[in-house]
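Trainee: I have a new structure open and no idea where to begin. Can we go through it together?

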Amino acid sequence: MEKRAQTSTELIIILSVFLLILIILIGVNYDTLRAYDARLRIDRTNTFVNDVVNAAESVYQQGIGAKSKIYVDIPDRVSEVSISGTKFKITFDDNNIIQKKLEFNVTGNVSALSGRRLVTIESTSNFVNISDV
């Protein structure tokens, strides 16, 4: 009977150690996954900003009346897309900001809802208008 109790106790100790190791691994992987998700969100936002800015510069260089349409992918957790003056600014839910300054005036309205959408960019006499369809 004593041998069974000792075997059961040893098994419980071994299982507890394995469970502790498993919990630690899950915690480390969770932190790594969160860091990866944040990096992916920033990369997607930079791609979005660069695509719009490059298209706006191209339309501006073509002159008044030039127009372009591009598909962009707006990432999750974007709370505001601000387009005014010479700035194109993205604000996230956690108040982080990614912005790009242009050499010409821009205006417009792009929804902050995540997902893929069509954005129209049009050059006028005073500014370049950027808006989603």
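Mentor: Start with a term: two strands count as paired if DSSP finds at least two bridges between them. Keep in mind that this is a predicted model.

Trainee: OK. How many bridges join E3 to strand E4?

Mentor: Five bridges join E3 to E4, which covers residues 97–101, and the two strands run antiparallel. One of the partnerships is Lys87 with Lys101 in E4.

Trainee: What do E3 and E4 form, and how many residues are between them?

Mentor: They form a hairpin, with four residues between the strands. Asn95 sits in that turn and has a positive phi of about 70°.

Trainee: Switching to charges. How many salt bridges are there?

Mentor: The count comes to five. One of them joins the side chains of Arg41 and Asp94, at 3.8 Å from N to O. This pair links distant parts of the chain, since Arg41 is in helix H1 and Asp94 is in the loop between E3 and E4, 53 residues apart.

Trainee: Is Arg41 buried or exposed?

Mentor: Arg41 is buried, because its relative accessible area is 10% and the cut-off for buried is under 20%. Asp94 is partly exposed, with 34%.

Trainee: What about Asp73, which side chain does it meet in a salt bridge?

Mentor: Asp73 meets Arg44, at 2.9 Å from N to O. Asp73 lies in strand E1 and Arg44 in helix H1, so this salt bridge ties together parts 29 residues apart in sequence. Asp73 is partly exposed at 30% relative accessible area, and Arg44 is partly exposed at 28%.

Trainee: And Arg117, what does it form a salt bridge with?

Mentor: Its partner is Asp132, and the closest N and O atoms are 3.6 Å apart. Arg117 is in strand E6 and Asp132 in strand E7, so the pair ties together parts that are 15 residues apart in sequence. Arg117 counts as buried at 16% relative accessibility, while Asp132 is partly exposed at 23%.

Trainee: Which residues do salt bridges with shared partners join into one network?

Mentor: Arg41, Arg77 and Asp94.

Trainee: Now the inside. Which residues in the largest nonpolar core touch the most other members?

Mentor: Those are Phe48, Val81, Phe88, Ile121 and Ile130, out of 27 residues in that core. At least two core residues come from each of H1, E1 (67–74), E2 (78–84), E3 (87–92), E6 (115–123) and E7 (128–132).

Trainee: Which of them gives the most to this core?

Mentor: H1 does, with seven residues.

Trainee: Take Ile130. What is it in contact with, leaving aside its neighbours within four places in sequence?

Mentor: Its contacts include Val52, Ala56 and Ile83. Val106, Thr107, Gly108, Asn109 and Val110 are also among them, as are Val119, Thr120 and Ile121.

Trainee: Last topic, the surface. Which residues form a nonpolar patch there?

Mentor: The patch is formed by Leu11, Ile13, Ile14, Leu15, Val17, Phe18, Ile21 and Leu25, and together they have about 770 Å² of accessible area.

Trainee: Where is Ile21 placed?

Mentor: Ile21 is in helix H1, which covers residues 2–62.

Trainee: Why can Ile21 be part of a patch?

Mentor: Patch residues need over 30% relative accessible area. Ile21 meets that cut-off because its value is 43%, which counts as partly exposed.

Key. Residues numbered from 1 in each chain as written. Predicted model: local features only at pLDDT ≥ 70, side-chain atom pairs only at ≥ 80, totals over all residues. Heavy atoms only, no water. Patch = residues over 30% accessible without salt bridge, like charges linked within 9 Å, V, L, I, M, F, W, Y side chains within 5 Å. Areas by Shrake-Rupley, 256 points an atom, 1.4 Å probe, with all protein chains shown as cover. Salt bridge = Lys/Arg side-chain N within 4 Å of Asp/Glu carboxyl O. Buried < 20%, exposed > 50% of the residue type's maximum accessible area, 1.4 Å probe, protein only. Core = buried A, V, L, I, M, F, W, Y, C linked by side-chain atoms within 4.5 Å. Contact = heavy atoms within 4.5 Å.
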